[in-house]
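This report covers helices, salt bridges, surface charge and backbone angles in one structure. The sequence and structure come first, and the text follows.

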Amino acid sequence: MSGSRSSDGLSRLCAVIDGCLRPYDEWEKIALTKDKERDLLISLSQVLREIQSWIYEFDRDSTDDDDGFGDENGCLNSHSEDHQCLTMIVANLVGLLAVKSHYVQHLAGNILVVISKFIIASGSSWDKFIGLLCVCFELVLSNSLSYFSAPAMSGAEKLNCDPSDVGALQLRLKSANWSTGAGIVRILRCVMKCLKEETEGGLVEAFMNSLSSCLAYLPWNLLDKIHVLGNIKDQTHSCSDTSLLMVSGETELRIVFLGYLVQLFCSLVEPSGLVEEAACSQNKSVILHTILNLVPKILKCCLAEDCNWSYPQILPYFRHKTLMLLIRISSQVHLDRITLLLWLQLLHEYFQDLLLEPISQPEPTQNDCLEGSPFLLSLCDLEVRYLSFRHLQGQAVFVFLRCSLSLIGLREASESRCKCRMSNSSLMSDIGKFEDCCASRRGFLELHGWLQGHLPSNMFADQKKHVEECIAFAASFIELFIHEDDMLFEVLLLLFSIPSFERRIFKEGLASQGSKDNMLFHVSNLFNPILLFHIFLAELQYDHQVLLDCLISNDTGIRCAEYLLRSLRAVCDSWDLFWELPMEQKVVCQETHKRRKVFVESPNAYEESSSMSMQGGTAPEECKNDHDPGSKCYRLKSLQFAKATTCLLSLKDALKKLHRRNLFPYNPEVLLRRLSRFQELYDDCTQPSCT
């Protein structure tokens with residue numbers, strides 16, 4: 001595509017937009033009447049359709065055009081004209097985002113998104129376009145915070161924007177407000193989504209370069225100004241900071257701005273998202289660490305108790321999005337000790353009710369699947385309330401565990417000399433003395449404090465009671481995450497980082513492990529990987545097809561395979577515990593929508609389950625010594641062990657068949673070897689001569 005043609009395209013585009021807006025030269029000063037709003041919407045819709053038709057023409061012609069994405073050696077006059085045209089296009093459309101009409105704002109934002117596609121197709125001025133959007137964002141944010149009297153150029157200079165561009169933008173943005181900022185953030189997020197469909201790496205790199213510069217130089221220190229102090233009804237009273245005296249309408253606009261901003265941040269730190277694909281690791285690092293440093297301010301703006309948004313239904317959404325942000329960024333950035341401690345403090349400040357709520361709660365119904373977002377605007381239905389709260393609770397618990405276990409896993413040089421490592425004292429007797437002496441100890445203290453609120457005080461009465469409560473807690477814990485596909489395997493893998501006290505923990509008495517104050521002993525009991533694996537399979541109703549679906553899924557496949565590998569290794573290393581674990585029958589009687597077949601609660605249910613069908617594997621057998629309580633075969637009559645074994649062997653057969661036909665999406669050889677080792681151990685203990 002020739003440089004002259006792309007220049008002609010921008011000139012035509014500038015002329016079309018100018019013609020559309022010329023009758024509304026003073027639109028920024030007036031409130032549109034219904035008639036003017038209708039006429040403006042019709043004009044903007046025509047502009048949108050015309051640009052879309054141009055994109056179609058560019059795409060059609062590009063198949064016969066060998067010039068690629070444009071001629072970078074065009075004449076200087078043409079380049080200068082492109083520069084001016086694009087500046088005016090962006091200035092005019094971004095200015096429309098301040099109009100008091102949600103329809104006009106939305107349509108203007110859509111036009112800018114389509115223009116981004118037009119620029120990609122025409123091969124002209126992509127860097128310039130993204131840079132202008134970022135400069136607009138900086139100017140709007142500064143203006144909304146009443147921060148500048150002259151444009152803040154720190155970021156603009158990095159984006160190669162000359163003062164004349166900033167002057168033209170500022171002229172159109174003098175009436176900008178939070179709505180304008182929200183619209184720009186939405187546009188940037190939509191453009192980012194469009195780039196996921198593009199194969200040209202230079203486009204992504206240019207976008208991330210502009211955005212990282214913008215985020216790095218914005219006046220984020222003033223973000224606290226969004227935080228409204230006091231009640232809106234009292235805003236007529238005097239206040240030392242008049243910038244905090246906001247009318248109710250502007251409060252709503254700030255809510256929208258914060259919502260879009262958090263959405264953008266969540267998209268930027270999304271696993272396998274655009275930031276992950278960015279060619280420049282420096283841009284990736286700048287974006288991730290900028291967002292990481294903003295976490296306390298974002299939580300304060302969205303969740304502080306003295307923020308009276310007058311829209312209580314927005315709180316669950318903000319809690320969901322901020323927790324999602326914490327989950328995603330903590331999976332990509334190594335959090336140091338100070339950050340982990342800060343996050344734990346923030347969790348206690350803003351999500352303490354979720355952490356203290358019992359994790360074992362009866363479900364109102366079994367129809368616990370919501371389409372789309374887990375939240376609805378009207379939370380009047382009991383089931384919707386339950387699901388949204390459980391979702392938030394799962395998110396909060398996951399972030400809490402990640403922070404606590406990350407602290408436990410820290411191995412700083414100074415910790416080797418700290419008093420709690422040199423002391424043999426129990427947990428409770430020295431909490432005050434050693435509370436802050438090392439990161440690992442602090443992580444255990446946080447975990448211990450949380451567990452105290454979820455365990456009965458009499459669970460240490462005797463060994464049987466202790467085991468029962470451990471199993472009940474583990475079952476409730478799995479149930480909390482069983483329907484959260486994006487967190488289920490992440491949290492199960494996270495728990496492998498807990499130091500294992502001893503594999504045969506359920507075989508030994510409490511006295512042999514020390515006093516009830518031994519923290520590591522109890523944490524290892526509650527989150528024992530073999531116990532959790534047993535309950536995980538039970539929650540799936542031992543349906544190997546569900547496991548197969550998880551392994552094939554693009555979203556959960558890798559993490560599910562990793563979890564099965566680590567769990568099978570733990571099982572094979574501690575086989576006795578796997579088949580002797582004293583599971584309660586009630587653990588496997590819960591309904592779950594994840595299974596494919598209806599589990600029939602009957603004496604023949606084991607044979608009726610769809611998981612029983614195996615061709616290559618061997619179903620559990622009753623051996624000749626099954627009436628001898630001292631024999632291993634007697635213990636094999638455990639229904640849970642039999643079902644777990646059949647499920648895993650059925651999975652092995654299904655994997656072999658798919659792999660043999662080249663129908664499995666990746667090579668499952670390692671998992672098959674681990675399953676084969678499991679079958680060998682099972683075959684050894686089912687021999688008729690076992691005693």
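Helix α19 (residues 439–452) has 14 residues, and its first and last C-alpha atoms lie 20 Å apart, close to the 20 Å expected at 1.5 Å a residue. The expected span of a helix is 1.5 Å times one less than its number of residues. Helices here are DSSP runs (H or I, at least four residues), numbered from the N terminus. Eleven of the 14 residues of α19 are buried, leaving the helix mostly covered. A residue counts as buried under 20% relative accessible area, as exposed over 50%, and as partly exposed in between (1.4 Å probe, protein chains only). Among the buried residues of α19 are Arg441, Glu446 and His448, as well as Phe444, Leu445, Leu447, Trp450 and Leu451.

The model is predicted: local features need pLDDT of at least 70 and side-chain atom pairs count only at pLDDT 80 or more, while totals for chains, interfaces and linings use all residues. Residues are numbered from 1 along each chain as its sequence is written, and side-chain values use heavy atoms, with hydrogens and water left out.

Helix α13 (residues 314–330) also has a span that agrees with expectation, because its 17 residues should cover 24 Å at 1.5 Å a residue and its end C-alpha atoms are 24 Å apart. Of these 17 residues, 13 are buried, so α13 is largely enclosed by the rest of the structure.

Two phenylalanines illustrate buried helix positions with partners distant in sequence. Phenylalanine 477 belongs to helix α20 (residues 463–481) and is buried at 1% relative accessibility. Its C-alpha lies 9.8 Å from that of valine 397, and the two residues are 80 apart in sequence. Phenylalanine 118 is found in helix α4 (residues 102–122), where its relative accessible area of 0% makes it buried. Between the C-alpha atoms of phenylalanine 118 and leucine 13 the distance is 9.9 Å, with 105 residues separating them along the chain.

Salt bridges are the next topic. How many salt bridges does the rule give? The count comes to nine, where a salt bridge is a side-chain nitrogen of Lys or Arg within 4 Å of a carboxyl oxygen of Asp or Glu. The table lists some of them.

| Pair | Closest N to O distance |
|---|---|
| Arginine 38 and aspartate 35 | 3.9 Å |
| Arginine 402 and glutamate 490 | 3.9 Å |
| Arginine 677 and glutamate 680 | 3.4 Å |

Arginine 402 forms its salt bridge with glutamate 490 across two helices. Arginine 402 is in helix α16 (residues 382–409) and glutamate 490 in helix α21 (residues 485–494), so the pair ties together parts that are 88 residues apart in sequence. Arginine 402 is buried at 14% relative accessibility, whereas glutamate 490 is partly exposed at 23%.

Arginine 38 and aspartate 35 both sit in helix α2 (residues 34–62), three residues apart, or about one turn of the helix. Both are partly exposed: arginine 38 has a relative accessible area of 47%, and aspartate 35 has 48%.

Arginine 677 and glutamate 680 share helix α30 (residues 669–685), again three residues apart and about one turn of the helix. Arginine 677 is partly exposed at 39% relative accessibility, and glutamate 680 is partly exposed at 43%. Elsewhere, salt bridges with shared partners join Arg402, Glu490, Arg559 and Glu562 into one network.

Which residues gather in a patch of negative charge on the surface? They are Asp59, Glu197, Glu198 and Glu200. Patches are made of residues with over 30% relative accessible area and no salt bridge, with like charges joined within 9 Å. Asp and Glu count as negative, and the place of a charge is taken as CG of Asp or CD of Glu. Glutamate 198 is in the loop between α8 (178–195) and α9 (201–217), and it is partly exposed, with a relative accessible area of 34%.

The last topic is backbone angles. Glutamine 541 has a phi near 55°, a positive value in a residue other than glycine. This glutamine lies in the loop between α23 (529–539) and α24 (544–552) and is buried, with a relative accessible area of 5%. Tyrosine 542, not a glycine either, has a positive phi of about 55°. Tyrosine 542 is in the loop between α23 and α24, and at 2% relative accessibility it counts as buried.

Key: Patch = residues over 30% accessible without salt bridge, like charges linked within 9 Å, V, L, I, M, F, W, Y side chains within 5 Å. Areas by Shrake-Rupley, 256 points an atom, 1.4 Å probe, with all protein chains shown as cover.
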